[in-house]
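Here's a quick walk through one protein model, pocket by pocket and residue by residue. Have the 3D view open as you read.

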Amino acid sequence: MPNLLLEHCGPVALLTLNRPEKLNALNNDLISALTAALDSMEFDRSVRAIVITGTGRAFSAGADIAEFQPHMKAGPPEAIAHFMRPGHQLTRRIEQFAKPVIAAINGLAFGGGCELVESMHIAFAADTAVFSKAEINIGIIPTFGGTQRLPRHVGRKAATELILSGRQFDAREALDLGLVNRIVTGRELLKQAMALAEDLATKPPLTLAAALWAVHHGMDASIDDGLAIEEAAFARIVPTKDANEGVAAFVQKRRPEYSGL
């Protein structure tokens, strides 16, 4: 997959968007490659966490507009089927993935690149990273879920201003808004993202999956429905060997030995 580099670093998979000549713009080939990589890792017990970054000066400059322009010209059904829905499917796949997915934002994250960030569970940004909801500047709206996810991250008014203005904002503002978790130097970015992924890889995987499921499905629920979702997630992990091992290790004051079962 020349557009996507895959490196296995112990229990962590590092995915690198690799279209530097296009600022890692997301075309359907790259979207398909990302989806296929996630599919291959879903039931691979040797992979416990995933880090996604970009080659060169961009994380991703967004959708490959030149490639998608013919679909736009063909009209709404074609544009939705071949432009919008592949992006929706990818960001939903990431958002719902049962293993932690961490963004290491090394540079530009514009348009669809910013929407990738919005879909990931955790995001670290280089201090030189720059973000933009740039779609308005070429006459369209966010197409990979940005009108829905960004308000959930940063609030309706902040998201509306960013989507309508298309202005650029830096890593500090992204952190203040809650779009990213941490800012680090570019030199430290991948090191710190990988370190967190390696730490998460030591946690019980079925419990990680249950926590991710509960957070995702409870985001838009009432508190009562959310608590029911949490109960269901807890019920799933109570019978697991790892949950019982973790509790026993705590009571016995020893380090747990998780099996992934």
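## An arginine on α3

Let's start with R93. Leaving out neighbours within four places in sequence, R93 is in contact with L38, D39 and E42. With E42 there's something extra: the two side chains make a polar contact at 2.7 Å. R93 itself sits in helix α3, which covers residues 76–95, while α1 spans 28–42.

Is R93 buried or exposed? Its relative accessible area is 19%, and buried means under 20%, so R93 counts as buried. Bear in mind that the model is predicted.

## The overall build

Zooming out, the protein has 11 helices and 10 strands. How does its radius of gyration sit against the globule rule? The radius is 19 Å and the rule gives 18 Å for 261 residues, which is close, so the protein is as compact as a globular protein of that length.

Along the principal axes, the C-alpha atoms fill a box of roughly 65 × 40 × 35 Å. Buried residues make up 47% of the 261 residues. As for contacts with a separation of 6 or more, 67% of them come from residues 24 or more positions apart.

## The largest pocket

If you're hunting for space, the largest pocket holds about 550 Å³. Its lining takes in 23 residues, and the ones nearest the centre are E95, E118, H153, H216 and M219.

Which elements supply at least two residues each to this lining? They are α3, α4 (112–119), β7 (122–126), α5 (146–154) and α9 (205–218). So that you can picture the chemistry, here's the split by class: nine nonpolar, eight polar and six charged residues.

## The second largest pocket

The second largest pocket has about 260 Å³ of space. It is lined by 18 residues, with A61, G62, A63, I65 and I138 closest to its centre. Two elements, α2 (65–74) and α4, give two or more residues to this lining. Note that α4 also turns up among the contributors to the largest pocket.

By class, the second pocket's lining has 10 nonpolar, four polar and four charged residues.

## A61 and the loop it touches

A61, one of the residues closest to the centre of the second largest pocket, lies in the loop between β4 (58–60) and α2. At 27% relative accessibility, A61 counts as partly exposed, since that class runs between 20% and 50%. Its contacts, neighbours within four places aside, are L23, N24, L108 and F110. H8 is another story: A61 and H8 are 53 residues apart along the chain, and their C-alpha atoms are separated by 25 Å.

Two of those contacts, L23 and N24, deserve a look of their own. L23 is in the loop between β2 (12–17) and α1, and N24 is in the loop between β2 and α1 too. L23 has a phi near 55°, a positive value in a residue other than glycine. N24 also has a positive phi, of about 55°, although it is not a glycine. Which of the exposure classes do they fall in? L23 has a relative accessible area of 22% and is partly exposed, whereas N24 is at 0% and counts as buried.

## From α1 over to α3

N28 is found in helix α1. Not counting residues up to four places away in sequence, N28 touches E67, F68, H82 and P86. With H82 the side chain of N28 goes for the backbone, reaching the backbone oxygen at 3.0 Å.

A81 has its place in helix α3, the helix that also holds R93. With a relative accessible area of 33%, A81 is partly exposed. What separates A81 from H71? In sequence they are 10 residues apart, and in space it's 8.7 Å from C-alpha to C-alpha.

Methods
Residues are numbered from 1 along each chain as its sequence is written. This is a predicted model: local features need pLDDT of at least 70, side-chain atom pairs count only at pLDDT 80 or more; totals for chains, interfaces and linings use all residues. Side-chain values use heavy atoms; hydrogens and water are left out. Helices (H or I, at least four residues) and strands (E, at least two) are DSSP runs, numbered from the N terminus. Buried means under 20% relative accessible area, exposed over 50%, partly exposed in between (1.4 Å probe, protein chains only). A polar contact is a pair of N or O atoms within 3.5 Å; within protein, one must be able to donate a hydrogen and the other to accept it, and residues adjacent in sequence count only if both atoms are side-chain atoms. Contact means heavy atoms within 4.5 Å. On a 1 Å grid over the protein atoms alone, a cavity is a set of points where a 1.4 Å probe fits but cannot get out, and a pocket is an open set with protein on both sides within 12 Å along at least five of seven lines; lining residues have an atom within 4 Å of a point. Grid points are joined across faces, edges and corners, and a volume is the space filled by probe spheres set on the points. The radius of gyration is taken over C-alpha atoms; the globule rule is 2.2 Å times the number of residues to the power 0.38.
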